[in-house]
Amino acid sequence: MAGAAPFPEWLEVVAIRGGAGMAALAVGAIFLAATGHDPWRAYREMMIGALGSPFAIEQTIIKAIPLMLTGLGVALAFTMGLWNIGAEGQLVAGALAASWLALTASLPTLVMLPGLILLGAAGGAAWAFIPAVLKTFVGVNEIISTLMLNYIALLWVDYMVFGSWADPTAFSFPYSRPFPPQAHFPVLLGDIHIGLVLALIAALLLAGLLQRTHWGYEIRTIGASLPAARYAGMRVRRNVLLVMAASGALAGLAGVGEVSGVIHRIQQGISPGYGFTAIIVAWVARLNPWAVILVAVLFAALLNGGFVIQTAGVPAAIAYMIQALVLFLVLASEHLLRRVRRRRALSQTRAALQVGR
Amino acid sequence: MSRTVSDPLVRLQGIVKTFPGVVANAGIDLAIFPGEVLALLGENGAGKSTLMSILAGLYRPDEGTILFGGERVELRSPRDAIHRGVGMVHQHFRLVDSLTVAENILLGWREPRFLLDLRSSAAHVRRLADQYGLEVDPAARIWQLSVGERQRVEILKMLYRNARVLILDEPTAILTPQEVEQLFRAVRRIRNEERAVLFISHKLDEVRAIADRIVVLRAGRVVGQSSPQASPRDLAQMMVGHDIPVAPKRHLPPGAPVLEARGLDVHGDRGPLAVRGVSLQLRRGEILGIAGVAGNGQRELLEAIAGLRFPAGGSLSFNATDIASLTVRDRWVRGLAYIPEDRLGQGLVGAFTVTENAVLRDYDRPPISRGAIFNWTAAREKAETIVNAFHVHSASLQVSVRHLSGGNQQRLLFGREVLTAPVVLLAMHPTRGLDVEATTTVHRLLIDLSAAGTAILLVSESLDELLAVSDRIAVMHRGRIVGVHPTTEVSRAEIGLLMTGSAPS
Ligand SMILES: Nc1ncnc2c1ncn2[C@@H]1O[C@H](COP(=O)(O)OP(=O)(O)OP(=O)(O)O)[C@@H](O)[C@H]1O
Ligand SMILES: [Mg+2]
C-alpha cells in the first residue's frame, strides 16, 4: 500500500487546525443552546459583528493590532523559555510612558510621534526589565513577578487618571485629558492606525531574528536546553535581560497604539486583557511570528463578535470561552497532526524502499 | 548448562517497524524461554531498543504478532505489557524526581486505589530489595540517588509488578564495576525463579558472563544465534559482518606541556569539594587516561578545565598562559574541546536538527555567521562534512538528533568537537553506549588525533579502553589523583587497587 498521500501536506495542516477551530465553535454552540440561546443566530450575529461590514472589519483589525504586538512579545519570551505572563502590565506601562509625553510636552508632530513610539517601547521594556533583573540576580521566578507587576501597572493608571492627568471636564470619570492632535497616530484606512505597520514590521524583524541571526540561534538554544547553552558558552543572564526587555518593548508598543491610535487619551481599562489573550495567541501560533499575526486577527474577530452579541442578550463571555476552547483543541490537534505527519513520512519511506528493491 | 525444553514465555513473529526514513525492525522472530538470560547484541541502530520497546508495549509493530503462551496478544501500552508480565528498564529512566523510592514504585500501579498504603508497601519494597540484593532506601527521594541506585529502583518497580520477562536496555553503561557485579547477582536470582531476563549490552565480556543464549541483530534482522562460549572476536564479526581490526597504539615521544593544573580544588553540585588539590600535566600528542569509579570528581575536574565550573583554588594554565579567568567560549576558541558525559542533555540539543547541532560551538563566528547573520548554507555544509567524515547515519540533516541512535549521536558530537583539530580534547566516556565497531573507530580517532598533536584527557570506566589508548594512566579517588603511571609500567590489578583507594602508597 505504498503511495503518495491524497492531499498536499499544507492542506492537511490547515484542515486539521481549521477543524480544531470548528470543533471549538461546535462546543460553544452546545453551551449556547444549553443556556437557552439560539447558537446559529448568535454565531451569525458574531460573524456579522466581526466581519460583516467595512466598519466591522475595521474594528476587528484595530483590535488585532494590540494582540499582534503583545502576542509577538510573548512568543519571543516563550521561545527562550521565559514565562512572561506580564504583557498586560507591559502594555499599560508603555501606554503610561507615552501618555506622559503626550500630556506634558508640547512638541511638533514629527518629534512627538517618534517620541511616543520610543518612550512607549521603553516603558514596556522597563516594566519587563524588573522581573528580568529579579530573575537573574535574585532568582525570583518570572511567572510570579510578571503577573504581579500587571496589577501594579493597572493601579498606576488609576492613580494618574484620578490625579494629575485627570480630565477637569470629566468630573470623576476615570480618564485623562485628551491628547493634543500632534500626539494622534496617523491613520491608514478608516480608523486603522499605523500601529498595524509597526506590528507587521515587528513580525518581520522577529522572524528574521529567530531564524536568520546568531542571536536568534542563541535564544532558541537557551529555550531548548539550558545545559547545552551553557556548554556552548552562551551568556544566559544577558539574554534573559535583553529578551525580556525586547518582549516588554513589543507589548509597550501595543500600549502606545491604544492611547495614541485609538482612544487618544489614557483611561481606566484601556485593555480588555489583550496581554493575557496574547498568551493564548502565542501558543496557538506555536510561537511562529507570522502565525501570531494571523491568529491575532482571528481572535480579534472573536472578541469583536463577542462585543456585538452582547446587545442581543448573549453574554460576551462566550467569545472568551471559544478562545479558550480554540487553544485547548488546537493543542489537542497537534497530536493528530503529528500522527498524520508520521504516517506520511512512513508511506514515503516504504515507497522509497519498494523502489530500492 | 542443560535446559529442559519448555514452552516459550513469549514469542515474537515477523516483527516489522519503520520510522520515517529507516526500517528499524525488518521481520524479526524471537522466542523467550523461562529461566534464561537472553542477550541481544547488535550495532548501534540495529534495532534492539525498538524491538524491546515493542515487546514492552511502547511502540506498536507495523506488522507481526506477539504470542504469550501461544495466545496472540495486542499490546497497546506499557500497562498492557506489564499486565502480561513484561517490564522494561529503559536507557533513560522514567522516575519522578521529587517523589520517594516507594512512591515511584507504586506510581501508576493498580493496587492502591485512592490512598497509598505507603507503610506496608515500603516494607514490601524493602523485602524485595533484600531478596534480590538491590539495596536502596524506600524512603529516599529520587533526586538524592546516584544513577546506579535509580536503576535499582526501576528494576524493583518491575519486580514489584511481578514481571516475568524483565528487559534491561544497556543497564551496565552507567554502572561502576562493583554495581555491575551486584546487578548480575540479581539477574541470576531472577533467572533462577523461572523468569526471563533480556539483556542488551555492547560489552562482549559482560554478555558472555551473564547470558545463557545470545541473539545477534543487524540492520533490523536476526543474523545469528550463539552460545556464551563463543569468542568475542566471533561475536563481533557476527554483529558487523566483518572482522574489526584493533586500533594499534603507537607511543610517540611526549611533546611540550600544553595543559597544567596545580593544586586544583573544585566544588561539586552539593557543596563539598569534589576535586581536591589535583595537579596534572598534559603534553602535546599524549593521551592521559583517568581511571576511577564514577563520581570521584572526574566530571568536576573536566568541567573546571573546560570553564564550566570555577575552581575554588589552585591554578590552571594552557599553552603556558593562565586560563583560570577565561570563559568556556574563550577556552574553546583557544583550542580546548570537550565531549561531555551527558550527550543529549549537554553536548547536543535533542530538539535541534543535525545541522543546528553541528554549529553549536561556532554558530556566531565565520563562516557560520558573518556579522549578526546566520548562514544556513554554511551550517549545512559543516553538518555534511561531519556526517561524511564520521559516518553519522541519519535519514537527513533535518532530523532532530533525539531520534538518532545513541551511537550516531556520539559520532556527531565527537565529529563536531574534533573537526577543528583542537589543542586539547577533554573526553568523558566517549564510547559509552557505542557498539564494538564504533568503539574501535573512536579509539582509532583518538589515537590519530593524538598523533596529529592533540593532547587528550580521557575519562573512562573501562580499563580495557584506557589500557588500549592511553600513554599514561592516572587514577582518581575521592577527588584526588592517587597515582600516575605510564601505561607500559602498570598492571590492571594495580590500577584496580588504586581505584578502590586501597593503595600501597
Ligand atoms: N522514535 C524514533 N523516530 C525515528 N527513528 C527512530 C526512532 N527510534 C529509533 N529510530 C531509528 O531506528 C533505528 C533503530 O534504532 P534502535 O534505537 O532500535 O537501535 P539500537 O539497536 O537500540 O541502537 P543503540 O545500540 O545505538 O542503542 C535507528 O536508525 C534509529 O535512528
Ligand atoms: Mg538502544
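A polar contact is a pair of N or O atoms within 3.5 Å. Keep that cut-off in mind for the first view. Everything in these panels comes from a predicted model.

**Figure 1. Ligand 1 and the residues of chain B that come nearest to it.** Which residues sit nearest among the 19 around ligand 1? They are B:Asn44, B:Gly45, B:Ser49, B:Thr50 and B:His202. B:Asn44 puts a polar side-chain atom 2.8 Å from an oxygen atom of the ligand. B:Ser49 also uses its side chain, with a polar atom 2.7 Å from a ligand oxygen. With B:Gly45 the backbone does the job: one of its polar backbone atoms is 2.8 Å from an oxygen atom of ligand 1.

**Figure 2. Where domain 1 of chain B touches domain 2 of chain B.** First, the layout: the domain assignment splits chain B into domain 1 (10–240), domain 2 (255–335 + 422–505) and domain 3 (352–419). Domain 2, as you can see from those ranges, comes in two stretches of sequence. The C-alpha centres of domains 1 and 2 of chain B are 33 Å apart. Domain 1 brings 17 residues to the contact, and domain 2 brings 13. Together they bury about 1,100 Å², with carbon and sulfur atoms giving 54% of that area. How many salt bridges link domain 1 and domain 2 of chain B? The count is 0, though there are 2 residue pairs in polar contact. On the domain 1 side, helix 7 (204–210) and helix 8 (232–240) of chain B are the elements that give two or more residues. Helix 8 of chain B gives the most, with 3 residues. By type, the domain 1 side has 8 nonpolar, 6 polar and 3 charged residues.

**Figure 3. The interface of chain B and chain A.** Here 36 residues of chain B meet 23 residues of chain A. About 2,400 Å² is buried between the two chains, and carbon and sulfur atoms account for 60% of it. The interface also holds 14 residue pairs in polar contact. On the chain B side, the elements giving two or more residues are strand 1 (10–19), strand 2 (22–32), helix 10 (328–333), helix 11 (343–347), strand 18 (373–374) and helix 14 (406–418). Strand 1 of chain B has the largest share, 4 residues. Sort the chain B side by type and you get 20 nonpolar, 7 polar and 9 charged residues.

**Figure 4. Two salt bridges, one across the interface and one inside chain A.** Side chains of opposite charge can pair when their charged atoms come close. Which side chains form the 1 salt bridge found between chain B and chain A? B:Glu356 and A:Arg220 do, at 2.6 Å from N to O. Over all chains, the whole structure has 26 salt bridges. One of them joins A:Arg265 and A:Asp167, at 3.0 Å from N to O. A:Arg265 lies in the loop between helix 10 (236–263) and helix 11 (274–284) of chain A, and A:Asp167 in the loop between helix 6 (142–162) and strand 1 (187–189), so this pair ties together parts that are 98 residues apart in sequence.

**Figure 5. Two backbone details in loops, one in chain B and one in chain A.** Is the peptide bond from B:Pro366 to B:Pro367 cis or trans? This bond is cis, with omega near 0°. B:Pro367 belongs to the loop between helix 12 (354–358) and strand 17 (369–370) of chain B. Over in chain A, have a look at A:Leu287, whose phi is near 65°, a positive value in a residue other than glycine. A:Leu287 is in the loop between helix 11 and helix 12 (289–310) of chain A.

Definitions and conventions: Residues numbered from 1 in each chain as written. Chains lettered and ligands numbered in written order. Predicted model: local features only at pLDDT ≥ 70, side-chain atom pairs only at ≥ 80, totals over all residues. Heavy atoms only, no water. Domains from an automatic or database assignment. Contact = heavy atoms within 4.5 Å. Buried area = accessible area lost by both parts, 1.4 Å probe. Salt bridge = Lys/Arg side-chain N within 4 Å of Asp/Glu carboxyl O. Polar contact = N/O pair within 3.5 Å; in protein donor to acceptor, adjacent residues only side chain to side chain. Nonpolar A, V, L, I, M, F, W, Y, C, P; charged D, E, K, R; others polar. Near = heavy atom within 4 Å.
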